[in-house]
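Let's take a walk through this structure, one feature at a time. Keep the 3D view open and follow along.

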Amino acid sequence: MTERLQPQSGEVIDRSTPLPFVWNGKECTGYVGDTIASAIMANGHRIFARSMKYHRPRGLLTADFWDPNAFVQVDDDPNVRSGHRLLEVGVTVSPQNVWPSLDVDVKAANQLVGRFLSPGFYYKTFIHPQKLWPAYEKVLSTFAPGGEVDIETPLAYHDKRYTHPDVVVAGGGPAGMAAALAAAEAGASVLLVEHEHGLGGHLRWGSDEERAVAADLEAKVRAAGVEVLTDSTVTGRYEDNWVGIVQRSHPIAVERLIKARAKTLVVAAGLIERPYVFAGNDRPGVMLSGAVRRLINLYAVKPGERAVVFSANDSGDASVADLERAGVEIAAVVDGRTTGNVIATHGSQKAIKSVELSGGRTVEADLLVTAVGWTAPTSLLNMAGDRPVYDPAVARFFPSGTPDNVLVTGGLAGDGTLDQLIEHGSATGSLAAGRAVAIAHRLQAATVRAAAVEGAEPDLAADVRTPLGRDPHPELFRSTTHGIVDYSEDVGSKDLVSAAKEGYDSVELLKRYTTATMGPAQGKLETVNTVAVLAEARGETIAEVGTTIWRPPYAPITLGALAGRIFEPERVSSIHPWHVANGAKPILAGQWIRPEHYGDPAGEVTNVRTNVGIIDVTPLGKLVLDGPDVPKLLNLLYTNSWNKLDVGSVRYGLMCAEDGVVMDDGVTGRLSENRWLMTTTSSGAGSVWEWAENWLQTAHPDWEVFVTPVTTAYTSINVAGPKSRELMSRLTDIDLDPDAFGYMKVRTGEIAGVDDCIMWRIGFTGELSYELHVPAGYGLHVWEALLEAGADLGVAPFGLEAQRIMRIEKGHFIVGQDTDGLTKAPTTGLQPLIKLDKDDFVGKPELTWAMEQDLPVLVSVKMTDKTIVPPEASQIVRPGTNEILGRITSSRYSPTLGESIGLAQVPPELASAGSELTVVLTSGERTTAVVQEHHAHFDPEGARLRV
Amino acid sequence: MSDLTIQSPVTRSYSTKTDAAITLTDETAQSRLLFRAGTGTPIRAALAQSFGSSRMSGDVLIAGSRPDEWLVLGEADAVAAWSADVPTEGHVSLVDWTHGRAQFRLTGEPVRGALEKVCGLDWSNAMTPDGAVTSGSIAKVTCDIIRNDVDGVPSYLILVDRSFGQYLFDALLDAGDEFGITVG
């Protein structure tokens, strides 16, 4: 480790734990506590990357999270911020987007044509001819920056958490810690979020005395019960203080997204040091004062041998002392507060050899340290509605006003001594806690489940803090030469001036046209310089130009963190274990895992048609309707009439939305005078419930009806087939005689020893059927009892596929399959169920009109080629053309009929029996279907189900 | 009927831990009644529990689960005994939800942390005190939740549509894993 210094009093590395790793193919060693960047630098390497566009060699600039020059690939993890990510043992760290190597990168040839690669070059150059774009894209993609994604990499675990602290403090510097401490001492629950790996802010790389203050504050913060998150970022502030936080290191997850609902948010994000724009400002060896101070004091790394320091503030001055202590020769100190200036660096592409200063002086050096001012990262304040205002006397932006539940402290709020910053932070924490009490009182009083509140809501605490001062600072943005403004995007000040001359002279337009501020640093380093260069180009002040609006996220977030923990709810019936144990092929229908078949769907059809089959139809939506006004509700929701349904009977109904489009259908039975059971489609269970509640609660609150969803309170089993009556007679005392229990009737009673079962005679298969609804906790018992009792009858389970085949054989449509979002009720052929003589029902006005229109018609079809089953949604076209006339909505090969059958939506002129339809297959070939007389291909009279 | 056992929706088997800070228990076998009652019906006086809160009444737990809606939970005999005498005149709906809901109990000091991983509600003592009743999305499934502490230890009854039972049970175990959880 050639550049490692002797132990520094504030270093965070553990020299007792060396960590071997590989950088750019070379064996290296770092220590626990090193960032990847500090470890690489300690091993004598100063080139970390190549720039995005021109592939110029780049070295460390800020040596922290925001460093635009230090993105690396760590094993299979691309785009790692090496200035922030801590070193781990054995990792292989590689430079990104260089070929063939970091040292010799042929793409650096871009520099030779750099003057042609002006802003908008791609937009202007590759727009014509359009047909060549695929070729352009292929070539340009090889120039895309970033690392390589290995799609074979196992997915990492990303966690999510919700929390509701009284106070969230964004920033763990001295003011942030003081705010957190004061808030906690005032009784608030506090979440303190720090971007870096440790609390302390700039004190971490400060003097012994400063670090002692930080350590004391941290100890008090932790003792006060503040929840501290380091290596975490408050990424956004949203409405009502919804605060997003990414926790980058956690014992059980690579990242955790925290959604915090803070009663008050304290923004103490500190200040971010700003680079200076001059010729050669991206040459390796140009560093900000904070970078050299971090390298020396935190990681004991020597940043160079001979330095020029361009200082306009205390940080620059302090860096001089640090460099001297580290044994770096100070070749010159240029004071930016007077007339001193840096004009350019000179040397090779890979290193500084000399620094050209104002007055014509040139100084040999391999390190240039700049300390020219600060960017106020007002992002979170922008997100809270603030529009920061530029103060030319201090050369940075300040908040102009925030909501009552967002407070600002620390460097964002102003300047002062350490004691003054801590005092302001403390006052801010107390204020935040006080306001949180009032906000909590309001929330608690408005939440029905919450503990009772005492007294009236307290007044929001007044802001009586003594404002921080503002230390004068020279406006230093660009020298007399041009240089890089956005290191991430390789955008220079010349580019900005050129864009402004082209007319992109609004800061928001300039940003988007040149991409300045749009890279991984997200404007933290380059926004103010961009604005300053534009102001200069426009001949205006920075205040007149204004700044861009910072939107979430504060710092880039991985897609994994955004996705968080993925929940994919699954539903199963009580018979599911049996299905699994007996080889059912599962299919996901909505959230339900259902048996598609048990190995032979055609055989299952034949068994139902011949013997008896049972199917688990638990997902069928079920609603209990209680009350004397249920018929009114049914008359409203269904298109047909429900005035005269006797107890013990069931009726089919069609449900439409206000626009007459079919919404759902199902059977509803009257179990007693005031209790009804409604069934819906499986997918409509939730929406029909909400639909009914919506009408009851908004239009008819006077109706006495309660609607209760009971879909999975019952296990639902359809027993279908000519032997179903025989089977059921073995398990129930309910009188099954057709005269006593006819088609479309319902009975309740005991089945297989289970009380309170509901049984009705309906079915989707066209066979004599009994639909059983049994208390779900006994569903498996009844299922197994059916199989046992009917063994000699040939009973066997059948799945969804067999049911689909049989319902097409019977011509039954499925809402959502054979209808779509435009299918009005008359299309289904159920005009007799649309009772326009009813006083009112949902969709009546639209259906009154629709009944007179030539709407598409749902018809039953057979393929002329009995072996061809066109895929569902196959288009029906006008013969000899591609004009779409309709589509096949359902299709299957019928084992009962031995031919290919289906349902289709066609225009009225093609709906009559015998019409021939031209169907386009997936292959592009065409086949012919013939419209049938009845919807039902099989037993159109319904004799089999009425026996 | 008497020889039949209500099948639990949780059909997988789990090993238990002795030193876990959180215990997840399947209480689906308990009975659950859902009452809905219109204004002025006599049963409201018997239920006498405001929306958002719960209380023990003898051996049953009465929870005001929504406006005009109550849940009565407990062992089958206790629930049957309690409901035998309640007046059901007027616009009243009584639905046996014993089979319609899976019922789990999550107990332990760090249980709030586990819930914060799967639900966006505020579980602080002020916002969700012992006895509080609410509904919300847990692991993207709508649940009824009753805070029902056991001997001063935070405990939550979670009721979910039975079909989601196995899914939710596993989701809760996963959420509690960070804190140490066992199946009770």
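## A greasy patch on the surface

Start on the outside of this predicted model, where L112(A), V113(A) and F116(A) make a nonpolar surface patch of about 320 Å². To find L112(A), go to the loop between β7 (92–95) and α2 (121–125) of chain A. L112(A) counts as exposed because its relative accessibility is 71%, and the cut-off for exposed is over 50%.

That loop between β7 and α2 of chain A also holds P100(A). The peptide bond leading from W99(A) to P100(A) is cis, with omega near 0 degrees.

## Empty spaces inside

Now for the inside. Rolling a probe the size of a water molecule over the atoms shows where empty space is left. Searching the whole structure turns up 5 cavities of 30 Å³ or more, and the largest has a volume of about 70 Å³. Its lining includes T375(A), A376(A), F397(A), V528(A) and W550(A). Sorted by class, the residues around the largest cavity are 4 nonpolar and 6 polar, with no charged ones.

The second largest cavity holds about 40 Å³ of space. Among the residues lining it are S573(A), H576(A), W592(A), R594(A) and D616(A). Two elements of chain A, α15 (576–581) and β31 (592–597), each give two or more residues to this lining. Which of them gives the most? That would be β31(A), with 4 residues. The lining of the second largest cavity splits into 4 nonpolar, 3 polar and 2 charged residues.

## Salt bridges

Over all chains, the count comes to 62 salt bridges. One of these joins the side chains of E596(A) and K585(A), at 3.4 Å from N to O. E596(A) sits in strand β31 of chain A and K585(A) in strand β30 (residues 585–589), and the two are 11 residues apart. E596(A) counts as buried because its relative accessibility is 15%, while K585(A) is partly exposed, with a relative accessible area of 43%.

Another pair is R609(A) and E767(A), whose side chains meet in a salt bridge of 2.9 Å, N to O. R609(A) belongs to helix α16 (residues 601–610) of chain A and E767(A) to the loop between β40 (754–760) and β41 (769–775), so this pair ties together parts that are 158 residues apart in sequence. Are these two buried or exposed? R609(A) counts as buried at 8% relative accessibility, and E767(A) counts as buried at 2%.

## A pair within one helix, and a network

E801(A) and R804(A) also form a salt bridge, at 3.1 Å from N to O. Both lie in helix α21 (residues 800–809) of chain A, and because they are 3 residues apart there, about one helical turn separates them. E801(A) counts as buried, with 13% relative accessibility, whereas R804(A) is partly exposed at 23%.

Salt bridges can be found linked together here, too: a network of them connects D159(A), R256(A) and R565(A) with K117(B), D174(B) and E178(B).

## Backbone oddities

Besides the cis bond before P100(A), a cis peptide bond joins P552(A) and P553(A), where omega is about 0 degrees. You'll find P553(A) in the loop between α13 (542–545) and α14 (559–563) of chain A.

Next, look at phi. H55(A) is not a glycine, but its phi is positive, near 55 degrees. H55(A) is in the loop between β3 (49–50) and β4 (57–58) of chain A, and it counts as buried because its relative accessibility is 0%. Over in chain B, A48(B) is not a glycine either, and has a positive phi of about 45 degrees. The place to look for A48(B) is the loop between α1 (43–47) and β3 (54–57) of chain B. A48(B) is partly exposed, with a relative accessible area of 47%.

## One last stop in chain B

Finish at T28(B), in the loop between β1 (22–26) and β2 (31–37) of chain B. Why does T28(B) count as buried? Its relative accessibility is 1%, and buried means under 20%. T28(B) and P9(B) are 19 residues apart in sequence, and 7.8 Å separates them in space, C-alpha to C-alpha.

Definitions and conventions. Residues are numbered from 1 along each chain as its sequence is written. Chains are lettered from A and ligands numbered from 1 in the order in which they are written. This is a predicted model: local features need pLDDT of at least 70, side-chain atom pairs count only at pLDDT 80 or more; totals for chains, interfaces and linings use all residues. Side-chain values use heavy atoms; hydrogens and water are left out. Patches are made of residues with over 30% relative accessible area and no salt bridge: like charges are joined within 9 Å, nonpolar side chains (Val, Leu, Ile, Met, Phe, Trp, Tyr) within 5 Å. Accessible areas come from the Shrake-Rupley method with a 1.4 Å probe; for residues, only the protein chains shown count as cover. A salt bridge is a side-chain nitrogen of Lys or Arg within 4 Å of a carboxyl oxygen of Asp or Glu. Buried means under 20% relative accessible area, exposed over 50%, partly exposed in between (1.4 Å probe, protein chains only). On a 1 Å grid over the protein atoms alone, a cavity is a set of points where a 1.4 Å probe fits but cannot get out, and a pocket is an open set with protein on both sides within 12 Å along at least five of seven lines; lining residues have an atom within 4 Å of a point. Grid points are joined across faces, edges and corners, and a volume is the space filled by probe spheres set on the points. Ala, Val, Leu, Ile, Met, Phe, Trp, Tyr, Cys and Pro count as nonpolar, Asp, Glu, Lys and Arg as charged, and the others, Gly among them, as polar.
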